[in-house]
Amino acid sequence: MIYGYIRVSTDKQTIDNQRYEIQKFCAKNNIEVEHWIEETISGTKSPEKRLLGSLLAEVRSGDLIICSELSRLGRSLFMIMSILNHLMLNDVRIWTIKDNYRLGDNIQSKVLAFAFGLSAEIERDLISQRTKEALARKKSEGKILGRPSGKKSTRVKLSGCEEEIKGLLARHFSKAAIGRIYGVNRMTVDSFLKDRMIDVPKKTP
């Protein structure tokens, strides 16, 4: 299946330019879009809150998504890379026109996989650093750190990442893959999901 994806941020913008670009590209390459996805919404919204989320859940191995540029997928680098990683893991291709980006079985995709892993590691390090700085500040203010003796902690390494993890699950990332992103093992992810009562979406056959 070949999909054309179009997104504009406000109703003051028009989808016509992006549609024209995609149609012109398809005519030049002798291909035809079989299904269009068009939406007016900010790229800062998570894919699950956009039609893009439904598209990501619908695509299957061998499918192709065509859009005008990578920025149509999202506004942040991490969001875009998460989407591209999901597509790559599911053997779904994506082509962009302005960026001339091609995701598939090539060196570009392998570089993406490395970059995604690196960005996830950097993000974990930043979170760790911010946590250490916050603890040091509280300690300097004379606050008692830690929990009362005998009381089980409700905060774990994945605390605060609930929405991000829900988004990854919605894009059918496995528990093991989520664990690799956050630097924990699969069992930790599984326990976290159970403790927070987060359901794992089932894949549509």
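Let's start just past helix α5, where histidine 172 has a positive phi, near 65°. Helices and strands here are DSSP runs numbered from the N terminus, with helices being H or I over at least four residues and strands E over at least two. This is a predicted model, in which local features need pLDDT of at least 70 and side-chain atom pairs count only at pLDDT 80 or more, while totals for chains, interfaces and linings use all residues. Residues are numbered from 1 along each chain as its sequence is written, and side-chain values use heavy atoms, leaving out hydrogens and water.

Now step back into α5 itself, which spans residues 162–170. Its buried residues are Ile165, Gly167, Leu168 and Leu169. Buried means under 20% relative accessible area, exposed means over 50%, and partly exposed lies in between (1.4 Å probe, protein chains only). The cover over these buried residues includes α6 (175–182) and α7 (186–195).

Helix α5 also takes us to an open space. A pocket is found on a 1 Å grid over the protein atoms alone, as an open set of points with protein on both sides within 12 Å along at least five of seven lines; its lining residues have an atom within 4 Å of a point. The second largest pocket is lined by 17 residues, and Ser46, Glu48, Glu163, Glu164 and Gly167 lie nearest its centre. Two or more lining residues come from each of α3 (77–89), α5 and α6. Which element gives the largest share of this lining? Helix α5 does, with five residues.

Next, look for the salt bridges, each a side-chain nitrogen of Lys or Arg within 4 Å of a carboxyl oxygen of Asp or Glu. The whole structure has eight of them. One joins arginine 196 to glutamate 162 (3.1 Å, N to O). Arginine 196 lies in the segment after α7 and glutamate 162 in α5, so this pair ties together parts 34 residues apart in sequence. Arginine 196 is partly exposed, at 26% relative accessibility.

Within α7, lysine 194 meets aspartate 190 (3.3 Å, N to O). These two residues are four apart in the helix, which puts about one helical turn between them. Is each partner buried or exposed? Lysine 194 is exposed at 59%, whereas aspartate 190 is buried at 11%.

Finally, arginine 19 and glutamate 38 form a salt bridge (2.2 Å, N to O). Helix α1 (residues 16–28) holds arginine 19 and strand β2 (residues 35–40) holds glutamate 38, so the pair links parts 19 residues apart in sequence.

Conventions. Contact = heavy atoms within 4.5 Å. 1 Å grid on protein atoms, 1.4 Å probe; cavity = no way out; pocket = protein on both sides within 12 Å on 5 of 7 lines; lining within 4 Å.
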